[in-house]
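Here is a walk through one protein chain for someone meeting it for the first time. Have a look at the picture, then read on.

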Amino acid sequence: MSATAGQAQGERGLAERLGLKSGQVVQEIGWDEDVDDELRGSIEDLTGNELLDEDSYDVVDVVLLWWRDGDGDLFDALTNAMRSLADGGQIWLLTPKAGREGHVEPSDIGEDAATAGLSQTSSISAAPDWSGTRLVPPKGKR
């Protein structure tokens, strides 16, 4: 296998670790120069769609929320991110890993997510400098 093929497989694997699928629409909030471009590219490659920016009003399957300590109020950001979600949608909260500038304590994430009505379902190493926390709104009451 060539290095290029291996890289492509590895990059695709980044998006697959987030559980994303072809055809899904992903909105990106909180972009800045420190985000992981490999992860962003792998999401676009896997879904076949460009990432929508935070000014989009489209209904989306996934919100990719880049968040750093000092970015503001996480509860407000999560509440705003839920507005775009389709039924069954999810938010991937991406925060700098421990020891990196802008690291957000997991207890803060858990508290703000719960207050916003979101359940934390999993956490992964999303990229070399970023941790990912999957958050989902409660299923509708029947």
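## A tour of the sheet

Let's start with one matched pair: Glu28 stands opposite Leu64, which sits in strand S2. Those two residues belong to a pairing between strand S1 (residues 26-29) and S2, which is parallel and runs over four bridges. To get from S1 to S2, the chain passes through helix H2 (residues 37-47), and this β-α-β crossover is left-handed. Keep in mind throughout that this is a predicted model.

Now zoom out a little. The chain has four helices and five strands, and from the N terminus on they follow the pattern α-β-α-β-α-β-α-β-β. The five strands form an open sheet, in the order S1-S2-S3-S5-S4, with mixed pairing. At the edges are S1 and S4, each of which pairs on one side only. From one strand to the next, the twist averages 20°. As for what holds such a sheet together, strands pair through backbone hydrogen bonds, either parallel or antiparallel.

Here are three of the strand pairings side by side:

| Strands | Sense | Bridges |
|---|---|---|
| S1 and S2 | parallel | four bridges |
| S2 and S3 | parallel | six bridges |
| S4 and S5 | antiparallel | seven bridges |

### Strand S2 and its neighbours

How enclosed is strand S2? Six of the seven residues of S2 (residues 60-66) are buried, so this strand is largely enclosed by the rest of the structure. On its S3 side, Trp66 has Leu94 as its bridge partner. Together with helix H3, strands S2 and S3 make a β-α-β unit, and this one is right-handed.

Trp66 turns up again when you look at the aromatic rings. How many aromatic pairs are there? The count comes to one. That pair is Trp66 with Trp130, arranged edge-to-face, at 4.7 Å centre to centre and with 80° between the planes. The pair links distant parts of the chain: Trp66 is in strand S2 and Trp130 in strand S5 (residues 130-136), 64 residues apart. Both Trp66 and Trp130 are buried.

### The S4 and S5 end

Over at the other side, S4 and S5 form a hairpin with two residues between them. Within this antiparallel pairing, Ser125 stands opposite Ser131 in S5. Helix H3 packs on the sheet and touches S1, S2, S3 and S5, with its direction making about 150° with that of S3.

Another serine is worth a stop here: Ser122, in strand S4 (residues 119-127). Is Ser122 buried or partly exposed? Ser122 counts as partly exposed because its relative accessibility is 28%. Leaving aside neighbours within four places in sequence, its contacts are Trp92, Gly132, Thr133 and Arg134. Take Gly132 from that list: Gly132 is 10 residues from Ser122 along the chain, and their C-alpha atoms are separated by 8.2 Å.

### A serine in a loop

For a contrast, go to Ser84. This residue is found in the loop between helix H3 (74-82) and strand S3 (85-96). Why does Ser84 count as buried? The reason is its relative accessible area of 12%, as buried means under 20%. Which residues does Ser84 touch, leaving aside those within four places in sequence? They are Gln27, Ser56, Asp58, Val59 and Val60. Of these, Val60 falls in S2 (residues 60-66), and Gln27 falls in S1 (residues 26-29).

### The chain as a whole

Finally, some numbers for the entire chain. Of its 142 residues, 41% count as buried. The chain exposes about 8,000 Å², and carbon and sulfur atoms supply 45% of that area. Among contacts between residues at least 6 apart in sequence, 74% join residues at least 24 apart. The pair of Trp66 and Trp130, 64 residues apart, is one example of a link between distant parts of the chain.

Technical notes
Residues are numbered from 1 along each chain as its sequence is written. This is a predicted model: local features need pLDDT of at least 70, side-chain atom pairs count only at pLDDT 80 or more; totals for chains, interfaces and linings use all residues. Side-chain values use heavy atoms; hydrogens and water are left out. Buried means under 20% relative accessible area, exposed over 50%, partly exposed in between (1.4 Å probe, protein chains only). Contact means heavy atoms within 4.5 Å. Accessible areas come from the Shrake-Rupley method with a 1.4 Å probe; for residues, only the protein chains shown count as cover. Two strands pair if DSSP finds at least two bridges between them. A crossover is right-handed if, with the strands pointing away from the viewer, the path from the first strand over the helix to the second runs clockwise. Rings of Phe, Tyr and Trp (its six-membered ring) pair if their centres lie within 6.5 Å; planes under 30 degrees apart count as stacked, over 60 as edge-to-face and the rest as tilted. Axes are lines fitted to C-alpha atoms, for helices over the stretch in contact, and angles run from 0 to 180 degrees between N-to-C directions.
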